Amino acid sequence: MFKILAACGAGVNSSHQIKDALETEMKNRGYDVQCDAVMVKDITEDMIGNYDLFTPISKTDLGFNISIPEVDAGPILYRMPAMAKPVYDQVEEAIKNS
Amino acid sequence: MTVETTDKLFYSEEVFISNANSQVEVFEEIYKKLYKEDLVTKEFLANLEEREKNYPTGIDMSVVSTQIPNIAIPHTESEFVKTTMVVPVKLKNEITFNNMIDPSKNFKVKFLFMILNDNPEGQSNILARIMDFMSRTSENELITFFKLEDTESIYKFLTRKFAQYAQD
């Protein structure tokens with residue numbers, strides 16, 4: 001099980017859309033992933049250590065070094081295949097490299 | 001106000017055409033009405049402003065079409081809202097927002113879809129539905145939509161399109 005942490009400001013809309021999109025697409029590509037959606041301000045160094053990949057909307061300063069691979073997932077939010085594909089490809093790459 | 005079905009996102013009485021000239025002005029205008037109707041808490045305004053500053057919500061539509069205006073989707077945490085709906089706000093004057101997926105950049109925005117979501121674990125996928133509307137509605141229809149000058153027409157168009165895409 002590959003674990004992904006999605007995050008956005010309010011933890012309400014964007015991160016949940018990214019969670020749904022990544023879980024669906026990675027399942028279609030044959031990978032077993034689980035994604036959690038949280039508020040950026042709730043992320044701690046300990047928490048992020050429990051995940052294999054961090055997928056914020058945009059480059060995010062958490063105030064500490066992020067110890068896991070990171071893919072900026074914002075373009076997924078457009079719901080347009082051409083914009084989402086590069087993000088999915090990077091996530092798939094991260095899974096293969098794990 | 002009760003939400004009759006999870007699919008209903010728009011309410012004809014919660015559609016705005018604003019003359020505001022800044023984020024602060026438009027947020028305050030919308031907040032005053034929503035608070036009066038008990039749809040948001042007293043802390044909503046301060047939290048909405050702070051969140052927009054730290055995690056902006058402007059969406060650059062020029063990557064889709066240069067004919068379609070940019071939008072923003074202001075929202076804040078569930079604890080400050082008491083319902084689930086989308087509040088459309090046509091801006092008579094363009095207002096600057098920063099880019100959600102690249103906060104160092106900003107651009108002018110002509111329309112807001114303010115999201116109230118008191119149930120983030122629900123199945124509403126509100127943002128996805130807004131973006132489906134923006135990406136699946138034809139350019140000509142969107143151009144016409146963004147020129148509408150009365151709230152009832154805006155409400156009807158959005159309700160019809162969202163219902164149509166929800167069935168696909």
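The dialogue that follows works through several features of a predicted model of chains A and B.

User: What should be settled about numbering and confidence before reading the model?

Analyst: Residues are numbered from 1 along each chain as its sequence is written, while chains are lettered from A and ligands numbered from 1 in the order in which they are written. The model is predicted, local features need pLDDT of at least 70 and side-chain atom pairs count only at pLDDT 80 or more, whereas totals for chains, interfaces and linings use all residues. Here pLDDT is the predictor's confidence in each residue, from 0 to 100. For chain B the mean pLDDT is 92, with 95% of its residues at 70 or more, and the predictor gives the complex an ipTM of 0.85 and a pTM of 0.90.

User: Where does pLDDT stay under 50 in chain B, and how many contacts does the model have there?

Analyst: A contact requires that the C-beta atoms of two residues, placed from the backbone, lie within 7 Å. Residues 1–5 of chain B keep a pLDDT under 50, and for them the model has six contacts beyond four places in sequence.

User: How is burial read, and which residues touch the most other members of the largest nonpolar core?

Analyst: A residue is buried if 20 or more other C-beta atoms lie within 10 Å of its own, exposed if 12 or fewer, and partly exposed in between, the C-beta atoms being placed from the backbone. A nonpolar core is a set of buried Ala, Val, Leu, Ile, Met, Phe, Trp, Tyr and Cys residues joined through C-beta atoms within 7 Å. In soluble globular proteins, nonpolar side chains tend to be buried together. The largest core in this model has 67 residues, of which Ile71(B), Val86(B), Met114(B) and Ile130(B) touch the most other members. Residues up to four places away in sequence aside, Ile130(B) touches Ile73(B), Val86(B) and Phe113(B).

User: Which elements of chain B give two or more residues to the side that touches chain A?

Analyst: Helices (H or I, at least four residues) and strands (E, at least two) are DSSP runs, numbered from the N terminus. In this complex, 21 residues of chain B are in contact with 19 residues of chain A. The elements giving two or more residues to the chain B side are α2 (44–54), β5 (102–117) and α3 (126–136) of chain B, and the largest share, six residues, comes from α3(B). For classes, Ala, Val, Leu, Ile, Met, Phe, Trp, Tyr, Cys and Pro count as nonpolar, Asp, Glu, Lys and Arg as charged, and the others, Gly among them, as polar. By that scheme the side of chain B touching chain A has ten nonpolar, seven polar and four charged residues.

User: What do the buried residues of α3(B) pack against?

Analyst: The buried residues of α3(B) are Ile126(B), Leu127(B), Arg129(B), Ile130(B), Met131(B), Phe133(B) and Met134(B). They pack against α1 (14–28) of chain A, together with β3 (71–72), β4 (84–99), β5 and α5 of chain B.

User: At what angle do α1(B) and α2(B) pack?

Analyst: Axes are lines fitted to C-alpha atoms, for helices over the stretch in contact, and angles run from 0 to 180 degrees between N-to-C directions. Helix α1 (residues 23–36) of chain B packs with α2(B) at about 145°, the axes being 10 Å apart. Among the residues that meet are Phe27(B) and Tyr31(B) in α1(B), and Leu45(B) and Leu48(B) in α2(B). The residues of this contact comprise seven nonpolar, one polar and three charged.

User: Why does Glu14(B) count as buried?

Analyst: Glu14(B) is buried because 22 other C-beta atoms lie within 10 Å. Glu14(B) lies in the segment before β1 (16–18) of chain B and, leaving aside neighbours within four places in sequence, is in contact with Met85(B) and Val87(B). In helix α5 (residues 151–167) of chain B, Leu158(B) is also buried, with 21 other C-beta atoms within 10 Å, and Leu158(B) is in contact with Phe10(B) and Pro88(B), again leaving aside neighbours within four places in sequence.

User: Where does Asp38(B), with its positive phi, lie, and is the residue buried or exposed?

Analyst: Most residues other than glycine have a negative phi, and most peptide bonds are trans. Asp38(B) has a positive phi of about 60° although it is not a glycine, and its place is in the loop between α1 and α2 of chain B. With 10 C-beta neighbours inside 10 Å, Asp38(B) counts as exposed. Arg79(A), another residue other than glycine, has a positive phi near 60° and lies in the loop between β3 (53–56) and α3 (81–97) of chain A. Arg79(A) is partly exposed, with 19 other C-beta atoms within 10 Å.
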